[in-house]
Amino acid sequence: MILPLIAPAALMAAQVETPLPVVTVESRDVIVVPPAPQPVPVIAPSASRGTAEAIGGDEIRVEKDPLQGFNRAMFDIHQAMDKAILRPAAMGYKKLVPKPLRSGARNAISNLSEPFIFVNFLLQGKPDKAAQTFARFIVNSTLGIAGLFDIAKRKDFNLPHRANGFGTTLALYGVKAGPYLFLPLIGPTTLRDVLGKPADDGLLPLAVGRPFSTWQYQLSTGLVGGLDMRAEADPELRALFGDAVDPYATLRSVYLQNRAAEIEEVRGGHGRKKTGDLPELNESLTDPAPSDAPELQDPMTDPAAN
């Protein structure tokens, strides 16, 4: 990488030190000035050869976005769908459905995620957190009336919701994240998390069967959960994209850093950090705008939030 930077200077030095030829024309000395040397281009390092940054123990490399062309096309499609359909529907849902009903539906959906969180804590060799997750599920399923009320997070129990999944389990066992992906209706993710999600989604249908295995249940919970999540994330998304020079790169950078911090928290490291406290990503993954964007929160983290 040093040679291309030195070459132009070496050529210029050689040009200065070499005596200029002199010819005589009509008894007058004329200095013949040779043509200026052509500049040697400085070859910038390829984006695909960037160095890795270890963030939260989960490597994020420039190679993580080799599908950038595809991802940007999908991002544009998603943004168009969001503007025309998703956001208006989500804002309508938030306006028409009273807050207690929205909170109850959010709590119930969150409660149904506790079984696969429990299983993943067991697979990760964390029996204490698995026991706390199981206790949370029992408390909210009984005292919380099928999870409609998040009783377990109160001080009497102090059992908060902890995000976890099979993608995190794979990460803790050394499976690399693979390429970054952006998929319409799913959003930012990685190949590892895409492959791990069916294991989480299929737990209740396989273990319990009906009604969790019916398309009516899958459609209704997916629709309500999706609208609620989009409505809750709207302020953060507006703040994130408001001053971004490149919204795609901004979202990618924030997502990868938050995901790495989430995995590190489950691993038992420093715990979840704000985006601004994390090391900067490589240049290709860094938002070109000043990074003061808020952290993207999981709406299930605090089901009582508006």
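Trainee: Which residues of helix α4 (residues 114–123) are buried?

Mentor: An α-helix has 3.6 residues a turn, so residues three or four places apart point the same way. In this predicted model, the buried residues of α4 are Glu114, Pro115, Phe116, Ile117, Asn120 and Phe121.

Trainee: Against which helices do the buried residues of α4 pack?

Mentor: Their partners are α3 (99–112), α5 (127–142), α6 (166–172), α7 (191–201), α8 (203–207) and α10 (247–267). Just after α4, Gly125 adopts a positive phi of about 75 degrees.

Trainee: How should one read the packing of α2 and α9, and at what angle do they pack?

Mentor: One considers the angle, the axis separation and the handedness in turn. Helix α2 (residues 68–96) packs on helix α9 (residues 215–242) at about 115 degrees, and their axes lie 9 Å apart. Angles of 65 to 115 degrees count as roughly perpendicular, and α2 and α9 are therefore roughly perpendicular to each other. Their crossing is left-handed.

Trainee: What classes of residue make up the contact of α2 with α9?

Mentor: The contact includes Phe75, Leu86 and Met91 in α2, and Val224, Leu227 and Phe241 in α9. By class, it comprises ten nonpolar, one polar and eight charged residues. Among the charged residues are Asp82 and Arg87 in α2, with Asp228 and Arg230 in α9.

Trainee: How many helices and strands does the protein have, and what share of its residues is buried?

Mentor: The protein has ten helices and six strands, and 37% of its 306 residues count as buried. Its exposed area is about 17,600 Å², of which carbon and sulfur atoms supply 65%. Among contacts with a separation of 6 or more, 69% join residues 24 or more positions apart.

Key. Residues are numbered from 1 along each chain as its sequence is written. This is a predicted model: local features need pLDDT of at least 70, side-chain atom pairs count only at pLDDT 80 or more; totals for chains, interfaces and linings use all residues. Side-chain values use heavy atoms; hydrogens and water are left out. Axes are lines fitted to C-alpha atoms, for helices over the stretch in contact, and angles run from 0 to 180 degrees between N-to-C directions. Helices (H or I, at least four residues) and strands (E, at least two) are DSSP runs, numbered from the N terminus. Angles under 35 degrees count as roughly parallel, over 145 as roughly antiparallel, 65 to 115 as roughly perpendicular and the rest as oblique. A crossing is left-handed if the near helix is turned anticlockwise from the far one by less than a right angle, and right-handed if clockwise. Contact means heavy atoms within 4.5 Å. Buried means under 20% relative accessible area, exposed over 50%, partly exposed in between (1.4 Å probe, protein chains only). Accessible areas come from the Shrake-Rupley method with a 1.4 Å probe; for residues, only the protein chains shown count as cover.
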